[in-house]
Amino acid sequence: MTSLWSAHLADRRPTEPLDGDTTADVVIVGAGLTGLWTAYYLLDADAALDVLLVDAGAVGEGASTQGVGACSADLAISAERVALAFGRDAALDLRGALRDAVVEVGGALALEEVDCGFTFGGALRLARNAAQVERIGELVASAPTWGDEWHLLDPAGVGTHVSVPAVQAGAWTPDCAVLDPARLVRGLLDVLLARGVRLAEHTTALRVSPRAVLTDRGTVRAPIVLTTVEAGGPGVASGRTLAAVPAHGLATARLDAHVWAEIGLEPGVVVSEAAHLPVHARRTADDRLVLTGAGRPHELDRALAALFPAADATGALRWSGQIGVPRDGLPSVELDADTGLGGAGGFGAAGITAANLAGRTLADLACGVDSPLVHLPWVGHRSPDWPPLGGAAVSLALRAAARADAAEAAGRSSRAATAVLDRVQIG
Ligand SMILES: Cc1cc2nc3c(=O)[nH]c(=O)nc-3n(C[C@H](O)[C@H](O)[C@H](O)COP(=O)(O)OP(=O)(O)OC[C@H]3O[C@@H](n4cnc5c(N)ncnc54)[C@H](O)[C@@H]3O)c2cc1C
């Protein structure tokens, strides 16, 4: 479904599909941001590499162009949970690498003169009930342990960024920028094509195996085969590792100056509630309010009415997509040195920055560079499979998260619902 941003790709003519069998040094299946960044850093390492990208659709039709455009250091999984599984140092390394990746994205875009409205404005998390105040307090208290920077704000402090009813507290981090994801995809693609990367759109990979990808348009033979299809791709994604979770977007019509005067949201800031099922919101350069979130589409209308009552959804553009959620919440980046088979995915609703970090890491792995990135805890990680009825487990978790948020908003205990969430984590 077409997102607000996709208009920036509408006038692009897709490249031709693969025309029979071919070879490459590296074939990348999936030309979303993960595949594009991977190709970018591969060429950065060795400009002579023959890199072929294949995509089942037209570039930009996947999750990469459907978000609110938050380029943040967030990952679905908390540093505490990474530390429990991999140790404190590994969690610290991952947090540091993600913060650096926000800066790296901005730096690469500046270097390549890709104009996608990359603006540092930070992220603001809001608390509008007692449970959210407690979570914000925990976030701010634990941030220094992981080298993160979150500043506690009182309602007046929140008010300097945005005017939201019934705010009790907030927290702000500088480690987040906003961008237009479709202009990012397009700009990056133009850079790659100019450098000789080959792209075959409308070419569906049916099967990946060591040194070969079978597509509906021919077979590609390559010593390195990377799969970056996120929640898509039956036959090419790894079994039941990722659940495809519905996520939605809503962009209002352009709002009048007097509405913005009431809302007061600065264009570079990403706002969300400290909720179990958060909705993220931002203001666009052309004065629309954009909201995205997982779960059911009506959560966006609920958030719009609750957080920004001065705005309304008349004439709003709506779209839906999917995020790829690993059962343990930690994405994977991998390359088997023996088979040359690898890939990355499982970024949940926080993949813009992670796609850059994963792409850089895949390039280091493919080129045999022993950088700090190839030792991050998500490298070689494999999340436990979802059970055969994984879709049902995810629906249960989404409903439980929405129930927990509703209970907290009403001042009731969310314990029953969060007990379900503890058993079925959705990252
Ligand atoms: C509504 C929504 C809001 C979001 N908001 C944000 C946000 O604000 N900030 C943030 O950081 N993240 C956000 N995300 C998540 C983020 O967009 C994704 O994690 C990230 O873009 C994943 O990039 P990707 O390249 O791995 O996947 P995708 O962009 O999905 O690309 C995968 C590509 O693989 C192709 N493909 C699939 N199967 C095959 C096959 N068999 N053969 C060939 N090609 C195939 C698809 O056509 C697609 O182009 C959001 C996601 C959604 C859906």
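In the predicted model, Arg283 counts as buried, at 16% relative accessibility. The residue belongs to strand S17, which spans residues 279-283. Two polar contacts involve the Arg283 side chain. One of them runs to the backbone oxygen of Leu265, at 3.1 Å. The other, at 2.9 Å, pairs the side chain of Arg283 with that of Asp287. When residues up to four places away in sequence are left out, Arg283 touches Trp260, Leu265, Glu266, Pro267 and Arg288. Leu265 thus appears both as a polar partner of the Arg283 side chain and in the list of residues that Arg283 touches.

Leu341 lies in strand S21, residues 341-345. In contrast to Arg283, which is buried, Leu341 is partly exposed, with a relative accessible area of 26%. Beyond the residues up to four places away in sequence, Leu341 makes contact with Ser209, Pro210, Val225, Leu335 and Asp336. The C-alpha atoms of Leu341 and Thr227 are 8.2 Å apart, although 114 residues separate the two in sequence.

The ligand is surrounded by 38 residues, of which the closest are Thr34, Asp55, Ser64, Gly351 and Ile352. By class, this shell consists of 17 nonpolar, 19 polar and two charged residues. Helix H2 (33-45) contributes at least two residues to the shell, as do strand S15 (242-251) and strand S19 (317-326). Backbone atoms of the protein take part in polar contacts with the ligand, including those of three alanines described here. An oxygen atom of the ligand lies 2.9 Å from a backbone N or O atom of Ala63. For Ala70, a polar backbone atom is 3.0 Å from a nitrogen atom of the ligand. For Ala349, a polar backbone atom is 3.2 Å from a nitrogen atom of the ligand. The ligand taken alone exposes 1,000 Å², and the protein buries 93% of that area.

Cysteine pairing was also examined. A disulfide is a covalent bond between the sulfur atoms of two cysteines. The structure holds zero disulfides. For Cys176, the closest cysteine sulfur is that of Cys71, at 7.1 Å. Because a disulfide requires sulfur atoms within 2.5 Å, this separation is too far for a bond. Cys176 is buried, with a relative accessible area of 1%, whereas Cys367 is partly exposed, with a relative accessible area of 33%.

Backbone torsions were considered for two loop residues. Most residues other than glycine have a negative phi. Ala166 has a positive phi, near 60 degrees. This residue is located in the loop between helix H6 (155-159) and strand S8 (169-173), and at 54% relative accessibility Ala166 counts as exposed. Glu230 likewise has a positive phi, near 50 degrees. The loop that holds Glu230 connects strand S14 (224-227) and S15, the latter being one of the elements that supply at least two residues of the shell around the ligand. Unlike Ala166, which is exposed, Glu230 is buried, with a relative accessible area of 17%.

Methods:
Residues numbered from 1 in each chain as written. Predicted model: local features only at pLDDT ≥ 70, side-chain atom pairs only at ≥ 80, totals over all residues. Heavy atoms only, no water. Buried < 20%, exposed > 50% of the residue type's maximum accessible area, 1.4 Å probe, protein only. Near = heavy atom within 4 Å. Polar contact = N/O pair within 3.5 Å; in protein donor to acceptor, adjacent residues only side chain to side chain. Areas by Shrake-Rupley, 256 points an atom, 1.4 Å probe, with all protein chains shown as cover. Helix = DSSP H or I, 4+ residues; strand = E, 2+ residues; numbered from the N terminus. Nonpolar A, V, L, I, M, F, W, Y, C, P; charged D, E, K, R; others polar. Contact = heavy atoms within 4.5 Å.
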